[in-house]
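Reader: Could you walk me through how to read the features of this structure? I would like the general idea each time, and then the case in front of us.

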Amino acid sequence: MSDTVISQDQKDKEAYFTAGQGQLIWTRFKKQKAAMVGAMVLAVLILSGLFAPFLTPYDPTIAGRDKEYLNGEPQIPKFWDENGFSARPFVYTYERQRSIKTNFRWQTTIDREARRYVVLLPKGDKYSYFGIEFETHLFGVDKGYIHLFGTDSTGKDIFSRTFHAINTSMAVGTIGVVIAFFMALMIGGVSGYYGGWIDSILQMITDAVRTIPTIPLFMALAAFIPAEWSAEERFFFISLLLGFIGWPTLARRVRTHLLAERSQEYVLAAQLCGASSGHVIRKHLLPSFTSYIIVDLIISFPYMVLSETALSFIGLGLKDPVNSLGVMLQNVTSADVLLNYQWYFIPVLFFITLVLAFVFVGDGLRDAADPYADTKK
Amino acid sequence: MAKFAHFVVLRALLAFFTLVVVSFIVFSLMELVPGDCAERYVAFKNSAGAAISIEDIEVERVRLGLDRPYIERWGKWIFNAFQGEFGDSCILRLNISQLLGQKFWLSLGICLSALALAYAIAIPVGIIAATSRNPYLNNGLRLVSYMGLALPNFLLALMIMLFSTVMFGDSLTGLFSKEFRDAPWDYARVMDFLSRAWLPVFILGWSATAFAIQTVRALMSDEIGKLYVTAAAARGVTGRKLLMRYPARHALSPIINSLGFDLNRIFNELPIVALILTLTEAGSLLIEALARSNDQQLAGAIIFFLTASIVTINFITDIILALTDPRIRSSILG
């Protein structure tokens, strides 16, 4: 009896001591409920962003607009009304007209008799993955359009735009983080590995860059973008900027870590064996803190997304037809929107969820990547 | 004392050097903006109906000193900048220091109040969170600090506007009521200002508070587990006296140290919040300068002002730390 207990204990220990760093982090990560929930939400959101063209019924650009339903309120599918029950959910037909009766203002009337039934996998706007064109969407209606989150002032479907916007934000964030990462690695790496006067000068520059408030600086830079640039060019420029401004914090952490690590015995041993600086950095120092860097990257991701949102919001970032939360929020401060079209704010909920999920996962990973987390408590 | 003076001078030099580096970065960026002031001046004349030529632009360039080498112009700019003189705005054609003067102090006042509010809330709440074992309180606070990040200030401002418009029919924008906008400062105007300024202060303080609570809590929980606290408790010091005398004092130093960067974060949010709440008196001038008109002189001056106040705060906190923290004091005085 006690034999089996010991052997089980032994096995656990063996598994613990022979596990790779990745396995250890995963084991610790799994224990945190909030982080796991965050990870699942994040996975769902990212996947729905990636498959947005399929999951959403319409093209998010002006091509997919509904001319008959501008600034339209959200349509909620129903199963029954005064005209009877239907196993297939439906929405009503909305008609927009103006005449002398409405004083020549556009007015939308709801035709409760004309139902639009929800159908699965209808053919609609074209989209392409890897060069192959598709036109099947997850859902739609048999006649006309369906707008779960309503439409904006040009009749674009807010539901479709929201999911496409997740994609854009993730792309901007990824490019920004990757650039910031490489700059931080280069500058922080050189500064931390060589130390001495190189370190002092690089640190002074890093500190100076850190004292400039980023968003105002960012605005100054984004204002350079010539008006004739296409949406895609703007997109890459903005992502580049995010990266070029985001590196100092990360560079500092890389440097601190390298300064601590480079005086360790294993570095000395490698140097005594005749290893070059490049070899020591790549083979010995970098692997010693990859996990921290990854965690840092995930933590800095929401900041990138939020900076982009803020910038696009004031009109200096992305522009139509690229979709992002900031672009979608551009006109919401007008009294008209605040009073009459509150569904413009629905995408905000998705973005709060996205950022929160990132924060939870980042925090969980940070705790999980800390090798002393178990011994501390 | 001489050593302390030496330290202060050294710090001041370092702050000055940082400002010089920053000014170089800002100045270079402003140079990168397509077109220069001469072209804008002449373009203005053109729009007023005068015929212009390339020669006119060249003459204007010489008049403004834009034909001088890059380094020389930067030297001149920074020399004047330290005297608070930034020349004229390219578009508005007004003296920049006059234009910014009061607006800058108002903005700085709002940001500093937001910072003060953040720490007035965060220090007691953070200490309570670190010492309490109540899981509901802890999780609640954790959620609040997460919201501080996930609901950035400008979204919060939008939400508050949405709410107040729907509920009260007033969007709570602007820093002054209509009748006080251009009035001289007197009691009634101050009261009107205060009755409106709380909203931007609250919104700007929102994420700063969330961050600060997290920092205070982390620092306190680190310090509370240390042996000197146990030792003090063993000597019979208990309750609030124990917390205030030992771990709180230790936790305070890193907080003072990071004040400059907290202010940086608030400055980040200022222009956008100002735009949403239409605080024409504050940061939205920057957006105006950049987005609407490409006014590089004005934008450069504003960024320089913002950075200068952060560097100043950093300098002041360094001195405060040297005075209050015995560990740092002894390392300076040897």
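**Strands, helices and contacts**

Author: Happily. Let us start with a single pair: in β2(A), Gly84(A) is the bridge partner of Asp81(A). This is a predicted model, in which local features need pLDDT of at least 70 and side-chain atom pairs count only at pLDDT 80 or more, while totals for chains, interfaces and linings use all residues. Residues are numbered from 1 along each chain as its sequence is written, and chains are lettered from A and ligands numbered from 1 in the order in which they are written.

Reader: Which strands does that pair belong to, and how many bridges join them?

Author: Strands of a sheet pair through backbone hydrogen bonds, either parallel or antiparallel. Here β1 (residues 78-81) and β2 (residues 84-97) of chain A run antiparallel and are joined by three bridges. They form a hairpin with two residues between them. For the terms, strands (E, at least two residues) and helices (H or I, at least four) are DSSP runs, numbered from the N terminus, and two strands pair if DSSP finds at least two bridges between them.

Reader: What is the strand order of the open sheet in chain A?

Author: The order is β1-β2-β3-β6, four strands with antiparallel pairing. β1 and β6 (139-141) of chain A are at the edges with a single partner strand each, so one side of each is left without a neighbour in the sheet. From one strand to the next, the twist averages 55 degrees. Inside the sheet, eight bridges join β2(A) to β3 (residues 107-120) of chain A, and Phe90(A) stands opposite Tyr117(A) in β3(A). Three bridges join β3(A) and β6(A) in the antiparallel sense, with Val118(A) opposite Val141(A) in β6(A).

Reader: How do I read helix packing, and at what angle do α10(A) and α13(A) cross?

Author: Two packed helices are described by the angle between their axes and the distance between the axes. The axes of α10 (residues 277-313) and α13 (residues 346-369) of chain A come within 9 Å and cross at roughly 165 degrees. Axes are lines fitted to C-alpha atoms, for helices over the stretch in contact, and angles run from 0 to 180 degrees between N-to-C directions. α10(A) and α13(A) are therefore roughly antiparallel to each other; angles under 35 degrees count as roughly parallel, over 145 as roughly antiparallel, 65 to 115 as roughly perpendicular and the rest as oblique. The residues of this contact divide into 14 nonpolar, two polar and one charged. In that scheme, Ala, Val, Leu, Ile, Met, Phe, Trp, Tyr, Cys and Pro count as nonpolar, Asp, Glu, Lys and Arg as charged, and the others, Gly among them, as polar.

Reader: What about α7(B) and α8(B): at what angle do they pack?

Author: α7 (residues 153-168) and α8 (residues 187-224) of chain B pack at about 135 degrees, with axes 9 Å apart. They are therefore oblique to each other. Among the residues making the contact are Leu156(B) of α7(B) and Trp206(B) of α8(B). By class, there are six nonpolar, two polar and no charged residues.

Reader: How many residues of chain B are in contact with chain A?

Author: 39 residues of chain B are in contact with 35 residues of chain A. Two residues are in contact if their C-beta atoms, placed from the backbone, lie within 7 Å. Elements giving two or more residues to the chain B side include α1 (2-32) and α14 (296-324) of chain B. That side has 32 nonpolar, seven polar and no charged residues.
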